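Biologist: Please take me through the salt bridges in this model, one pair at a time. I'd like to hear where the partners sit, how covered they are, and what else turns up in the parts they belong to.

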Amino acid sequence: MEGEEGSESKQHHLSAGTLDPVFAQKKKHAVMLDRLATLQQSRLQQSAARSAAAVAASPAFESVSAFLDRFAESRRSIEADVQGCRAMATDPASAARLKPELEKMAASIADLDRLVAENSYFLPSYEVRSSLRAIAALKEALEAANSELLPRKKFSFRNKAPKKDPTFLVKEVEEAKVSAAPEKPDLAVVRETPGFREKEGSILIKHFRVSEEGEGDFTLADLNSCEIYLRGRLRALFIHRLTDCRVFAGAVLGSILIEEVSDCLLMLASHQIRIHHARATDFYLRVRSRPIIEDSHAVRFAPYRLLYEGIEEELRDSGLEEETGNWANVDDFGWLRAVQSPNWSVIPEEQRVQTMNVSDNAK
């Protein structure tokens, strides 16, 4: 009897010993599966955290509806301010505050303009055009308010003049008409920016350093036969009334507005570029959205070809490191037909300037 029990015990011990490696392998496999599941869960959590961080760091208006809501709210606020100024003009006690309020509205319109520029890269072309038309209407309303509420002094004779020779009398009346003629308010000078103005035959150089990023709005106005070198990052660039000029500019964080240029060469990089009343001018561009032209003729386009020490880093920091090809996708707001606009063209390869290394010029 004892022999049988010993035999059974021995057999059971052998069976368990034989099966232990199988159990151990299954257990090891189960532990491995648990570890892989834990690792996968950790990766999913990290991915979700990175996505959340990317959303938090993305621009405020990554959807068309969110942008349109903000734009409409700002437009309504400016329209209400214009009406408020008209009401203020009827109160003598408040009339002294009119000019500061109008200047404040001009700044608000400029901010709204910049808002469109900074978000135009994801907006449909129709929404960009609609927003720009709305901004143009706000500018016209502000111009009208400036003219009506802040009228210039008119010429008048205080005392009855003695009888004069008719020749001198006609001359005096003509001079009076000139002095009494109201000047059209210019919104570009309502909100003054640093810049180069009223120069001829000059070489003009400006270096925007890191410390100047917050004050980077710059204006080029009333220049003739000048070469302009703008090195560094600007916030916005305004170009008005240039003739026979060459402009070489680094990265512009927001928008570039160009008005009344002729026989010029402009090499520019920006998120949005709008061109009005340009004639016989070549544009070498890097731009995130489609360039916009209006009331322009014989303008030509080619890719950006500017080089100086540090420009690649500046373009990268400004979100302009990628060549999008949009320099050749020009929207002509004055040409509504489906065929190519006759107002602009691509510069043939053999007529394009070579890469412009302005390292020495831009120092």
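**The salt bridges and their surroundings**

Modeller: Let's start with Arg246 and Glu227, whose side chains meet in a salt bridge with N and O 3.7 Å apart. This pair links distant parts of the chain, with Arg246 in strand E6 (residues 246–262) and Glu227 in strand E4 (residues 227–232), 19 residues apart. By "salt bridge" I mean a side-chain nitrogen of Lys or Arg within 4 Å of a carboxyl oxygen of Asp or Glu. Strands (E, at least two residues) and helices (H or I, at least four) are DSSP runs, numbered from the N terminus.

Before going on, keep in mind that this is a predicted model: local features need pLDDT of at least 70 and side-chain atom pairs count only at pLDDT 80 or more, while totals for chains, interfaces and linings use all residues. Residues are numbered from 1 along each chain as its sequence is written, and side-chain values use heavy atoms, leaving out hydrogens and water.

How covered are those two? Arg246 has a relative accessible area of 31%, so it is partly exposed, and Glu227, at 26%, is partly exposed too. The cut-offs are these: buried is under 20% relative accessible area, exposed is over 50%, and partly exposed is in between, using a 1.4 Å probe and protein chains only. The areas themselves come from the Shrake-Rupley method.

Next up is Arg286 with Glu323, another salt bridge, at 3.8 Å from N to O. Arg286 lies in strand E8 and Glu323 in the loop between H7 and strand E12 (331–332), so the pair ties together parts that are 37 residues apart in sequence. Here the cover is uneven: Arg286 is buried, at 13%, whereas Glu323, at 35%, counts as partly exposed.

A third pair is Glu349 and Arg305, with their closest N and O atoms 3.8 Å apart. These two also link distant parts of the chain, 44 residues apart: Glu349 is in the loop between E13 and strand E14 (356–357), and Arg305 is in the loop between E10 and strand E11 (306–307). Glu349 counts as exposed at 54%, but Arg305 is buried at 19%. Through salt bridges that share partners, Arg305, Glu349 and Arg352 form one network. Over the whole structure, the search finds eight salt bridges.

Now for what else turns up around these parts. The whole structure has six aromatic pairs. In one of them, the ring centres of Phe301 and Trp344 are 5.9 Å apart and the planes are at 85°, so the pair is edge-to-face. Phe301 is in strand E10 (residues 299–303) and Trp344 in strand E13 (residues 344–346), so this contact ties together parts 43 residues apart in sequence. Both Phe301 and Trp344 are buried. For the terms, rings of Phe, Tyr and Trp (its six-membered ring) pair if their centres lie within 6.5 Å; planes under 30 degrees apart are stacked, over 60 edge-to-face, and the rest tilted.

Just before E10, look at Ala298, in the loop between strand E9 (292–294) and E10. Ala298 has a positive phi of about 55° although it is not a glycine. Most residues other than glycine have a negative phi. Ala280 does something similar, with a positive phi of about 45°, and sits in the loop between strand E7 (265–279) and strand E8 (282–287). Both alanines are partly exposed, Ala298 at 37% and Ala280 at 38%.

Back to helix H7 (residues 311–317), which holds Asp317. At 47% relative accessibility, Asp317 counts as partly exposed. Together with Glu313, Glu321 and Glu322, Asp317 forms a negative surface patch. Patches take residues with over 30% relative accessible area and no salt bridge; like charges are joined within 9 Å, and nonpolar side chains (Val, Leu, Ile, Met, Phe, Trp, Tyr) within 5 Å.

Last, there's Trp335, in the loop between E12 and E13. Trp335 is partly exposed at 22%. Its C-alpha is 9.6 Å from that of Ile293, and the two residues are 42 apart in sequence.

Key:
Accessible areas come from the Shrake-Rupley method with a 1.4 Å probe; for residues, only the protein chains shown count as cover. Lys and Arg count as positive and Asp and Glu as negative; His and the chain ends are not counted. The place of a charge is taken as NZ of Lys, CZ of Arg, CG of Asp or CD of Glu.
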